[in-house]
Amino acid sequence: MKLRPRPTRLPTRRAGRGQALVEFALVFPIFVVLLLGIIEFAFLFNALLSVNYSARDAALAAAEAGNGVGADCVILDTVDTSVGPPTSDNRIGTVEIYQATPNGVLIGSPTLYTRTGSTTCTFVDGTTLTVPYTRTSNNYPEANRCNVLGGCGVGHPTVDNVAVKVTYTHTYVTPLQNFLGGGTTLTFDRSSVMRMEPVL
């Protein structure tokens, strides 16, 4: 009786290593995209919160400034100082100041500032403030804003609700757009409305 030789088998550890390498190669790109997505979302969410806070703070400044000379410079300076790191005030595109309904719907046309050049305001006491914005339209000038409780005539039956809208361009921090396609920036805006502080 002859014994048959047993067939030789490769060690299972080698086969397991090859399988693990294939699985890793399949899962790694998905893991990288998820990781980049989480990081990018954190930066974008921070920018959204910062710009939202900036618009709210500027609307509050507009409500307090009323129709005073230099009110726009105070509003624009508040927008800039309220945007904090890692967001940058250099990425602010435009700031709109307009009369609105209590829920923020635009009435008429806004006063629009773009972030180019500079504007200098001189206050009643003689001090000046320079902001890095240029006014491109003035449809809601400072003098036309109503902060009188009894109203200021046609279109202003009582104290105005003043709104500030800030447009911001977020630049991607991670190379996520290389995986998903698309541009390298995302532009969004946030606005806030406040009732002007009344003067009796």
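Which loop holds P86? Select P86 and you land in the loop between α2 (71-82) and β1 (92-100). Keep P85 in the selection too: a cis peptide bond joins P85 and P86, with omega at about 5°. Most peptide bonds are trans.

Before moving on, a word about what you have open. This is a predicted model, in which local features need pLDDT of at least 70 and side-chain atom pairs count only at pLDDT 80 or more, while totals for chains, interfaces and linings use all residues. Residues are numbered from 1 along each chain as its sequence is written, and side-chain values use heavy atoms, with hydrogens and water left out.

**The whole chain**

Now zoom out and colour by secondary structure. You should find 3 helices and 7 strands, in the order α-α-β-β-β-β-β-β-α-β along the sequence. The radius of gyration is 29 Å, well over the 16 Å that the globule rule gives for 200 residues, so the protein is more spread out than a compact globule. (That radius is taken over C-alpha atoms, and the rule is 2.2 Å times the number of residues to the power 0.38; helices, H or I of at least four residues, and strands, E of at least two, are DSSP runs numbered from the N terminus.) Along the principal axes, the C-alpha atoms fill a box of roughly 120 × 30 × 25 Å.

Of the 200 residues, 34% count as buried. Here buried means under 20% relative accessible area, exposed over 50%, and partly exposed in between, using a 1.4 Å probe and protein chains only.

**Along helix α1**

Next, select Q19, which lies in helix α1. Q19 is partly exposed, at 48% relative accessible area. Draw a distance from its C-alpha atom to that of Y53, 34 residues apart along the chain, and the viewer should give 51 Å.

Move along to E40, also placed in helix α1. Is E40 buried or exposed? E40 is buried, with a relative accessible area of 3%. Show its surroundings: leaving aside neighbours within four places in sequence, E40 is in contact (heavy atoms within 4.5 Å) with H170, T171, Y172, V173, T174 and L176. For another distance, try G108: its C-alpha atom and that of E40 are separated by 37 Å, with the two positions 68 residues apart along the chain.

**A pair of rings**

Select F41 and F45 and show their side chains. Rings of Phe, Tyr and Trp (its six-membered ring) pair if their centres lie within 6.5 Å; planes under 30 degrees apart count as stacked, over 60 as edge-to-face and the rest as tilted. By this rule there are 3 aromatic pairs. One of them is F41 with F45, a stacked pair at 5.7 Å centre to centre and 15° between the planes. Why do these two sit about one helical turn apart? Because F41 and F45 are 4 residues apart in helix α1 (residues 12-65). F41 counts as exposed at 54% relative accessibility, whereas F45 is partly exposed at 41%.

**Last stop: G183**

Finally, select G183, in the loop between α3 (176-180) and β7 (185-195). G183 is partly exposed, with a relative accessible area of 48%. Setting aside neighbours within four places in sequence, G183 is in contact with Y172 and Q177. Add T171 for a closing distance: G183 and T171 are 12 residues apart in sequence and 9.3 Å apart in space, C-alpha to C-alpha. You have met T171 and Y172 already, among the contacts of E40.
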